[in-house]
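Here are some worked exercises to try with the model open in your viewer. Have a go at each task before reading its solution.

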Amino acid sequence: MHKKVAVTVVGWVLVLAGVVLIAIPGPGLLIMLAGLVVLASEYTWAQRFVDPVRVRALRAAEESVASGWRIVATLLGGVWLAALGVLWWMDPQIPRIWVLGPRLPLGGWPTGSGLILSAFIVWGLLIYSIRRFRHRR
């Protein structure tokens, strides 16, 4: 029973995160696919959604490396996330005299490390997409 609850919670968190990431720049379809795969391990209804989402996610990953400009933009987006992560991580340690304005919301290592982890996920997905799809062009 505990396994089913854990699978349900993790699966739905991933699906909902994927939905949010579709609306903002991010690997929404891949995260949603991961959630559906988790849910499909316990629920048969989820299995019928896995293949259509997988096809769309792989198509989006292929399009993301269709041009050099898209690759550079994704790479720079990861750099931007990492830089924001360092800024958020360091915010509580930065004396306010150096920075004008209030502290960053949720400043500290939890938010900063989440942003830095997101940058590594972006770079990992970029490398995966380049290795899997770029040679086809």
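Helices (H or I, at least four residues) and strands (E, at least two) are DSSP runs, numbered from the N terminus. This is a predicted model, so local features need pLDDT of at least 70 and side-chain atom pairs count only at pLDDT 80 or more, while totals for chains, interfaces and linings use all residues. Residues are numbered from 1 along each chain as its sequence is written, and side-chain values use heavy atoms, with hydrogens and water left out.

**Exercise 1. Place serine 129 and work out its surroundings.**

Step 1: find the element. Serine 129 sits in helix α5, residues 109–133.

Step 2: check the accessibility. Buried means under 20% relative accessible area, exposed over 50%, and partly exposed in between (1.4 Å probe, protein chains only). Serine 129 has a relative accessible area of 5%, so it is buried.

Step 3: list the partners. Contact means heavy atoms within 4.5 Å. Skip the neighbours within four places in sequence, and serine 129 is in contact with Ala61, Ser64, Val65 and Arg134.

**Exercise 2. Describe the chain as a whole.**

Step 1: count the elements. You should get 5 helices and 0 strands, in the order α-α-α-α-α from the N terminus on.

Step 2: look at burial. Of the 137 residues of the chain, 25% count as buried.

Step 3: look at contact range. Take the contacts with a separation of 6 or more: residues 24 or more positions apart account for 56% of them.

Step 4: add the surface. The chain exposes about 9,300 Å², and carbon and sulfur atoms supply 73% of that. The areas come from the Shrake-Rupley method with a 1.4 Å probe; for residues, only the protein chains shown count as cover.

**Exercise 3. Test the length of helix α1, then find its buried side.**

Step 1: get the expected span, which is 1.5 Å times one less than the number of residues. For the 22 residues of α1 (residues 2–23) that gives 32 Å, and the end C-alpha atoms are 32 Å apart, so the two agree.

Step 2: pick out the buried residues of α1: Val7, Gly11, Val15 and Gly18. They cover an arc of only 60° around the axis, which puts them on the same side of α1. That arc is taken over the directions from the helix axis to the C-beta atoms.

Step 3: recall the geometry. An α-helix has 3.6 residues a turn, so residues three or four places apart point the same way.

Step 4: turn to the other side of α1, where His2, Val13, Leu16 and Ala23 are exposed.

Step 5: ask what covers the buried residues of α1. The cover includes α2 (28–40).

**Exercise 4. Do the same for helix α4.**

Step 1: α4 (residues 68–90) has 23 residues and reaches 33 Å from its first C-alpha to its last, close to the 33 Å expected at 1.5 Å a residue.

Step 2: Ile71, Gly78, Ala82, Leu84, Gly85 and Trp88 are buried in α4. The buried residues of α4 pack against α3 and α5.

Step 3: follow Trp88 outwards. Leucine 106 touches Trp88 and Thr111, if you don't count residues up to four places away in sequence. Leucine 106 is in the loop between α4 and α5, and counts as exposed at 71% relative accessibility.

**Exercise 5. Find the salt bridges and say what each one links.**

Step 1: apply the rule. A salt bridge is a side-chain nitrogen of Lys or Arg within 4 Å of a carboxyl oxygen of Asp or Glu. The count comes to 2 salt bridges.

Step 2: take lysine 3 and glutamate 42, whose side chains meet at 3.4 Å, N to O. This pair links distant parts of the chain: lysine 3 is in helix α1 and glutamate 42 in the loop between α2 and α3, 39 residues apart. Lysine 3 counts as exposed at 57% relative accessibility, whereas glutamate 42 is partly exposed at 27%.

Step 3: take aspartate 51 and arginine 54, which meet at 3.0 Å, N to O. Both lie in helix α3, 3 residues apart, about one turn of the helix. Aspartate 51 is partly exposed at 44% relative accessibility, and arginine 54 is partly exposed at 34%.
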